[in-house]
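The following exercises concern a predicted model. Please work through each task before reading its solution.

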Amino acid sequence: MKESRKTEPVRRLEILLFIAYLAVLCYFLFFAETMGRTVTEREYHYNLMPLKEIKRFWTYRHSLGFWSVCLNLFGNVAAFLPFGMFLPRLYPKCRKFFLTALFSFELSLCVELIQLVGKVGSFDVDDILLNTLGGAFGYLCYSISKKLFSKRRKDEAGKP
């Protein structure tokens, strides 16, 4: 009983942080002007060939610029890292790598479909791949931190 009271405020904070993360993610994915999300005069583009845009960004990295390449390649991975870390913490059924990766894929697919239908941003299968990779890396971070904290608690419990 004592343990559950102790963790309840932590769980509430985690839920609040997860909601805040999702709100910020939605803002950047659909509304951020700095990301070119509100431009309506441009022609809509989409990519249905896996690795096409990743290859293009890597091939033309010198002319596109460091920040553009980092934002596209690493930004898509980094954007879903928190999702992969929060999901198994908040939902015990998602404490399997496959489920967290699957839900990361599903969320990314939903985002890309909204971008396709709403013509906000651009539909890109490479983004789905990179976002899913980010969710998977997030799960690995969760898994590693869980093992480290578990080991630390065992070490502290064993000390006289």
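Two residues are in contact when heavy atoms of theirs lie within 4.5 Å.

**Exercise 1.** Identify which residues F18 touches, leaving out those up to four places away in sequence, and place F18 in its nonpolar core.

*Solution.* Step 1: with residues up to four places away in sequence set aside, F18 touches F83, F86 and L90. Step 2: the largest nonpolar core holds 13 residues, and F18, Y21 and F83 touch the most other members. Step 3: helices α1 (2–31) and α4 (66–90) each supply at least two residues of this core. Step 4: another core, of six residues, lies apart from it and includes F57, V69, L73 and V77.

**Exercise 2.** Determine whether D127 is buried or exposed, and list its contacts beyond four places in sequence.

*Solution.* Step 1: D127 belongs to helix α6, which spans residues 125–158. Step 2: the relative accessible area of D127 is 10%. Step 3: buried means under 20%, so D127 is classed as buried. Step 4: apart from neighbours within four places in sequence, D127 contacts N76, S108, E112 and S122.

**Exercise 3.** Describe the nonpolar surface patch and classify L140 by its accessibility.

*Solution.* Step 1: F97, L133, F137, L140, I144 and L148 make a nonpolar surface patch of about 560 Å². Step 2: the element that gives the most to this patch is α6, with five residues. Step 3: L140 lies in α6. Step 4: the relative accessibility of L140 is 39%. Because partly exposed residues fall between the 20% and 50% limits, L140 counts as partly exposed.

Note on methods:
Residues numbered from 1 in each chain as written. Predicted model: local features only at pLDDT ≥ 70, side-chain atom pairs only at ≥ 80, totals over all residues. Heavy atoms only, no water. Helix = DSSP H or I, 4+ residues; strand = E, 2+ residues; numbered from the N terminus. Buried < 20%, exposed > 50% of the residue type's maximum accessible area, 1.4 Å probe, protein only. Patch = residues over 30% accessible without salt bridge, like charges linked within 9 Å, V, L, I, M, F, W, Y side chains within 5 Å. Areas by Shrake-Rupley, 256 points an atom, 1.4 Å probe, with all protein chains shown as cover. Salt bridge = Lys/Arg side-chain N within 4 Å of Asp/Glu carboxyl O. Core = buried A, V, L, I, M, F, W, Y, C linked by side-chain atoms within 4.5 Å.
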